[in-house]
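Please consider the sequence and the three-dimensional structure shown here. The paragraphs that follow lead through selected local features, one region at a time.

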Amino acid sequence: MAFGLSKRELAEWKERVASGEVALLTHFWYDPRFPEYKTVTKAGCSNKATLARWGEKYGLKAEWMHDREEFPHFDLLGDDQFRILQSEGLNSHINRFNLRPTFK
């Protein structure tokens with residue numbers, strides 16, 4: 001279940017993903033399978049090959065991709081989420097959701 005984002009932000013992410021761009025969207029999130037995580041970043045792109053190449057840069061395996069028809073994506077959690085957002089220059093996501101690394 002997603003929290004902390006507007007319908008406009010979600011619509012913009014979907015438009016960017018549908019256009020073949022790799023787009024990232026961070027939001028508060030609750031999943032009982034992962035109680036230690038309070039946020040997730042969805043890195044999506046309608047072109048699966050492009051998304052797989054993008055993910056490779058960060059050590060993400062193509063088989064980890066969620067193949068959701070129009071919106072294939074990786075779910076980024078924890079230290080990977082922080083590291084990738086920082087590398088992509090998305091400090092606004094880090095600050096907005098008060099993300100901090102647990103690695104040293």
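Helix 1 covers residues 7-18, twelve residues in total. At 1.5 Å a residue, a helix of this length should span 16 Å, and its end C-alpha atoms are indeed 16 Å apart, so the expected and computed values agree. The model from which these values come is a predicted one. Just after helix 1, the chain passes through Gly20, whose phi is positive, at about 95 degrees.

A second positive phi belongs to a residue that is not glycine: Asn98, with a value near 50 degrees. As background, most residues other than glycine have a negative phi. Asn98 lies in the segment that comes after helix 4 (91-96). With a relative accessibility of 55%, Asn98 is classed as exposed, because the class of exposed residues begins over 50%.

Helix 4 itself contains His93. In contrast to the exposed Asn98, His93 has a relative accessibility of 14% and therefore counts as buried, the limit being under 20%. Setting aside residues up to four places away in sequence, His93 touches Leu24, Leu25, Thr26, Leu85 and Leu99.

Attention now turns to strand 3, which comprises residues 39-44 and includes Gly44. Gly44 is buried, its relative accessible area being 0%. What does Gly44 contact, once its neighbours within four places in sequence are left aside? The partners are Trp13, Val17, Glu21, Val22, Ala23, Leu51, Pro72 and His73. Among them, Trp13 and Val17 fall within the residue range of helix 1, 7-18. A further spatial relation links Gly44 with Asp67: the two are separated by 23 residues in sequence, and their C-alpha atoms lie 9.9 Å apart in space.

The aromatic side chains complete this account. The structure contains four aromatic pairs. One of these joins Trp29 and Phe34, whose ring centres are 6.0 Å apart and whose planes meet at 25 degrees, so the pair is stacked. The reasoning rests on two cut-offs, since rings pair when their centres lie within 6.5 Å and count as stacked when their planes are under 30 degrees apart. The two partners fall into separate accessibility classes: Trp29 is buried, with a relative accessible area of 12%, whereas Phe34 is partly exposed, with a relative accessible area of 29%.

Terms used
Residues numbered from 1 in each chain as written. Predicted model: local features only at pLDDT ≥ 70, side-chain atom pairs only at ≥ 80, totals over all residues. Heavy atoms only, no water. Phe/Tyr/Trp six-rings, centres within 6.5 Å; stacked < 30°, edge-to-face > 60°. Buried < 20%, exposed > 50% of the residue type's maximum accessible area, 1.4 Å probe, protein only. Helix = DSSP H or I, 4+ residues; strand = E, 2+ residues; numbered from the N terminus. Contact = heavy atoms within 4.5 Å. Expected span 1.5 Å × (residues − 1).
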